[in-house]
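Thanks for asking me to look this one over. Here are my notes, set out point by point so that you can follow along on screen.

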Amino acid sequence: MHTRRSSRSLRTGGILLTAALLVSACSASASTGPSTSATSATAAAEVTLAALPEATPAALAPYYGQTARWRSCGVPGFQCATLKAPLDYAKPGAGDVRLAVSRKKATGPGKRLGSLFVNPGGPGGSAVGYLQAYAGIGYPAAVRARYDMVAVDPRGVARSEPVECLDGRKMDTYTQTDTTPDDAHETTELVDAYKEFAEACGAHSPGLLRHVSTVETARDMDIVRAVLGDRKLNYVGASYGTFLGATYAGLFPGRAGRLVLDGAMDPSLPARRMNLDQTAGFETAFQSFANDCVQQPDCPLGGKGTPTAEVGRHLKAFFRKLDAHPIPTGDADGRRLGEALATTGVIAAMYDESSWAQLREALTSAMKDKDGAGLLMLSDSYYERDAGGRYSNLMPANAAVNCLDLPPAYGSPEEVERALPSFEKASPVFGEGLAWASLSCAYWPVRATGEPHRIEARGAAPIVVVGTTRDPATPYRWARALAAQLASARLLTYEGDGHTAYGRGSTCIDSAIDTYLLRGTPPAEGKRCS
């Protein structure tokens, strides 16, 4: 899921699915649907998310009947409010969670079409931050003229009672942990890092951790929809935001309005399969980068004619050197660039091809001048670490949602070691580190409540699912799979690089989505853009 000021720019909206290398990959949840049995490591689920009753339960009436008290946000043109949702939908009287909501009212001219909710993904990305920094001012003027632009920070995220874990210093140590262990000692260190992170999250947010599932967040959105006076929910979600939007449609098909799901996820897959697919997605993106890099005069990984596989071997060899001998970065806190931070920096640049030049420059400085500042900057942008050493709650929230939404991919280091060949085949460059990242939820203090499932949302209005053919974080096959599940989906394909497609420069994509949002007319079946 991020201006072009970072490879995960807020402009494109695709905030991370895999929270780099020390947090689990993207996930799905079916906690309010029918009970599910365990699925295999690779097979897609056959269980379908069940719709909720159309009538609002009496116990939830006070939440649906709230009044939003709007106030200034301190950001010109935007208003903010705080609403309440039940912490536990099964026990509405057992406590509340406060939800941060922001909006920018329709500017006109033209008839107002209602609210347009936006979510940039993650899980863990701040929807309010995305609205105020980009969507509320950067979405097409015609869309902003007709819709009140609205965002809700999901429970546990940013302004909505954020999940908290490690402080900045400890996060620095955590993000530098070696995720490609060479021996039993390094494996123990990695496991200990996962355990420390999980225990800190459990200590800081014990009650909330049990109630940050995607299903619960989708139900929160329905409360906000009702409070705003909208009969149906109109929505643009990117990356993980597609799973949130699809979940809403599955739970409330009759209330699903115009939904755009950009950079789609496949909720039917178990964690192991999702992690492996995503690993292959980053390899596809790296190959595109490598092919472009060798055509440029400043490519430090090879020249014209250098095979892609050799470019990957050069990068992997560089990572190995950093593993043994980290290099200076000039960081005020004394951080050096080791393999973990360097790999994260490279992965960050895979989200957006406009970052490739920055990556070439950063790699050149690191490989030739032993200056790791550029790659550290990319890594920090990915983790949302500021110059003062403070991290946003993106990483804790990402883990909290992922580890609740799906059972862990692996339960022990031995299971990861057996899976390493398949990950390294999927990506010779990133496979090893992403395989070990799949272990992180094994030590989470709260058991998963969700399981893989299909979402059909029968009875929903047409839903536009967008897939990018060389998307690193949400492989194109996921978009095809979600479109095949949703009964009313239209698949819109972007033949290109980068994560997500809307607002990234394709007039064809933007025109198709804008037409749908403004007129309700979905793209033609099988429409492809470049």
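The points below go through the strands, a glutamine, a helix and the disulfides.

1. A word on the kind of model first. What you have open is a predicted model, so please read every distance and angle below as computed from predicted coordinates.

2. Let us begin with the strands. Strand β1 covers residues 71-72 and pairs with strand β2, residues 79-86, in the antiparallel sense over two bridges. Within this pairing, S72 stands opposite Q79 of β2. The two strands form a hairpin with six residues between them. If you check backbone torsions, stop at G74 in that turn, where phi is positive at about 85°.

3. On to the next partner of β2. Strand β3 (residues 96-104) pairs with β2, again in the antiparallel sense, and here the count is eight bridges. A handy pair for finding the register is L83, which stands opposite L99 in β3. When you look at the side chains there, keep in mind that in a regular strand they alternate between the two faces of the sheet.

4. Next, a polar side chain that deserves a closer look. Is Q132 buried or exposed? Its relative accessibility is 14%, under the 20% cut-off, so Q132 counts as buried. This glutamine is found in helix α2, residues 127-138. What does its side chain meet? There is a polar contact with the side chain of S102, at 3.1 Å. Setting aside neighbours within four places in sequence, the residues in contact with Q132 are C73, V75, F78, C80, S102, I137 and R159.

5. Helix α12, residues 373-383, is worth displaying with its surroundings. Its buried residues are L375, L376, L378, S379, D380, Y382 and Y383, so-called polar names such as S379 and D380 being included in that list. Which helices do these buried residues pack against? They pack against α4 (168-175), α9 (308-324), α10 (339-350), α11 (356-369) and α13 (394-405). After α12 comes E384, with a positive phi near 55°.

6. Now the disulfides, of which the count comes to five. With the bonded cysteines numbered in sequence order, the pairing reads 1-2, 3-4, 5-6, 7-8, 9-10. The next three points take some of them in turn.

7. C165 and C201 form a disulfide with their sulfur atoms 1.8 Å apart. The torsion about this S-S bond is about 105°, so the disulfide is right-handed. C165 lies in the loop between β5 (147-152) and α4, while C201 belongs to helix α5 (residues 184-204), so the bond ties together parts that are 36 residues apart in sequence. C165 counts as buried at 6% relative accessibility, and C201 is buried at 0%.

8. Another disulfide joins C293 to C299, with an S to S distance of 2.0 Å. The link of C293 and C299 is right-handed, with 105° about the S-S bond. C293 is buried with a relative accessible area of 0%, and C299 is buried with 10%.

9. Last, C403 and C441 form a disulfide whose sulfur atoms are 2.0 Å apart. This link is left-handed, with -85° about the S-S bond. The pair links distant parts of the chain, 38 residues apart: C403 is in helix α13, and C441 sits in the loop between α15 (431-437) and β8 (463-470). Both C403 and C441 are buried.

Key: Residues numbered from 1 in each chain as written. Predicted model: local features only at pLDDT ≥ 70, side-chain atom pairs only at ≥ 80, totals over all residues. Heavy atoms only, no water. Helix = DSSP H or I, 4+ residues; strand = E, 2+ residues; numbered from the N terminus. Buried < 20%, exposed > 50% of the residue type's maximum accessible area, 1.4 Å probe, protein only. Polar contact = N/O pair within 3.5 Å; in protein donor to acceptor, adjacent residues only side chain to side chain. Contact = heavy atoms within 4.5 Å. Pairing = 2+ DSSP bridges. Disulfide = S-S within 2.5 Å.
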